[in-house]
Amino acid sequence: MKAVHEKIEGPFAIEEDIALYGMIAGDATLRRGVRFILHGTIAGNLTIERGARAIVHGTVAGRIYNDGGRVELFGIADAVTNGAQDAITIIDPAAHVRGRP
């Protein structure tokens with residue numbers, strides 16, 4: 001897995017396994033079959049395609065759209081939406097989802 005520590009302009013398609021410690025300035029899409037670990041920030045929305053896996057320790061300023069992948073949220077997101085029946089979303093009790101009561 002490649003570690004990325006820089007700022008990336010979005011929209012950005014994540015097409016390889018990466019651990020992001022930097023920032024994506026805009027929206028990001030995690031492509032099918034790719035693993036992604038977020039320690040940094042995504043300034044927009046994060047879309048997870050079917051078969052992709054995201055582990056979020058950092059911040060997603062927008063929504064997380066899970067379209068059939070697996071999401072584990074330990075950090076912060078504005079909201080989380082499952083867009084497919086086979087979407088798996090795990091939200092840690094210590095995570096902060098702004099759109100959740």
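**β9 and its partners**

I started with β9 and β11: they run parallel and are joined by four bridges. For the record, strands are DSSP runs of E with at least two residues, numbered from the N terminus, and two strands pair if DSSP finds at least two bridges between them. This is a predicted model, so I kept its thresholds in mind: local features need pLDDT of at least 70, side-chain atom pairs count only at pLDDT 80 or more, and totals for chains, interfaces and linings use all residues. Residues are numbered from 1 along each chain as its sequence is written, and side-chain values use heavy atoms, with hydrogens and water left out.

Which residue of β11 stands opposite I48? I found N66 there. On the other pairing I looked up, β6 (residues 28–30) runs parallel to β9, with three bridges joining them. In that pair A28 stands opposite L46.

I then checked the faces of β9 (residues 46–49): L46 and I48 make up the covered face, T47 and E49 the uncovered one. In a regular strand the side chains alternate between the two faces of the sheet.

**N66**

Buried or exposed? N66 counts as buried, because its relative accessibility is 0%. My cut-offs here: buried means under 20% relative accessible area, exposed over 50%, partly exposed in between, with a 1.4 Å probe and protein chains only.

N66 sits in β11, which covers residues 59–67. A polar atom of the N66 side chain lies 3.2 Å from the backbone nitrogen of G68.

I listed the contacts of N66 (heavy atoms within 4.5 Å). Beyond its neighbours within four places in sequence, N66 is in contact with I48, V71, T81, N82, G83, A84, A87, I88 and T89.

**The six-stranded sheet**

Next I traced an open sheet of six strands, in the order β1-β4-β7-β10-β12-β14, with parallel pairing. β1 (2–4) and β14 (88–91) are at the edges with a single partner strand each, so one side of each has no neighbour in the sheet. The average turn between neighbouring strands of this sheet is 10°, direction ignored. Those axes are lines fitted to C-alpha atoms (for helices over the stretch in contact), and angles run from 0 to 180 degrees between N-to-C directions.

I walked along part of the order and noted the registers:

- β1 pairs with β4 (residues 18–20) in the parallel sense over three bridges, and A3 stands opposite A19.
- β4 and β7 (residues 35–38) run parallel, joined by three bridges; here A19 stands opposite I37.
- β7 and β10 pair over four bridges, in the parallel sense, with R35 opposite R53.

**E72**

R53 came up again when I looked at E72, which lies in β12 (residues 70–73). The side chains of E72 and R53 make a polar contact at 2.5 Å. By my criterion that is a pair of N or O atoms within 3.5 Å; within protein, one must be able to donate a hydrogen and the other to accept it, and residues adjacent in sequence count only if both atoms are side-chain atoms.

E72 counts as buried because its relative accessible area is 11%. Setting aside residues up to four places away in sequence, E72 touches R53, A54, I55, V56 and I90.

**H96 and P11**

H96, in strand β15, counts as partly exposed because its relative accessibility is 44%. Leaving out residues up to four places away in sequence, H96 touches G75, I76 and A77. I also took the C-alpha separation of H96 and L38: 15 Å, for 58 residues along the chain.

Where is P11? I placed P11 in the loop between β2 (7–9) and β3 (12–14). The peptide bond joining G10 and P11 is cis, with omega about 5°.

**Whole chain**

I counted zero helices and 15 strands. Buried residues are 41% of the 101. Among contacts with a separation of 6 or more, residues 24 or more positions apart account for 4%.

The C-alpha trace spans about 35 × 25 × 20 Å along its principal axes. The radius of gyration is 12 Å, which agrees with a compact globule of 101 residues, where I would expect a value near 13 Å. The radius is taken over C-alpha atoms, and the globule rule is 2.2 Å times the number of residues to the power 0.38.

Last, confidence: pLDDT is the predictor's confidence in each residue, from 0 to 100. The mean is 94, and 97% of residues reach 70 or more. Among the elements, β15 (residues 96–97) has the lowest mean pLDDT, 92, and β10 (residues 53–56) the highest, 98.
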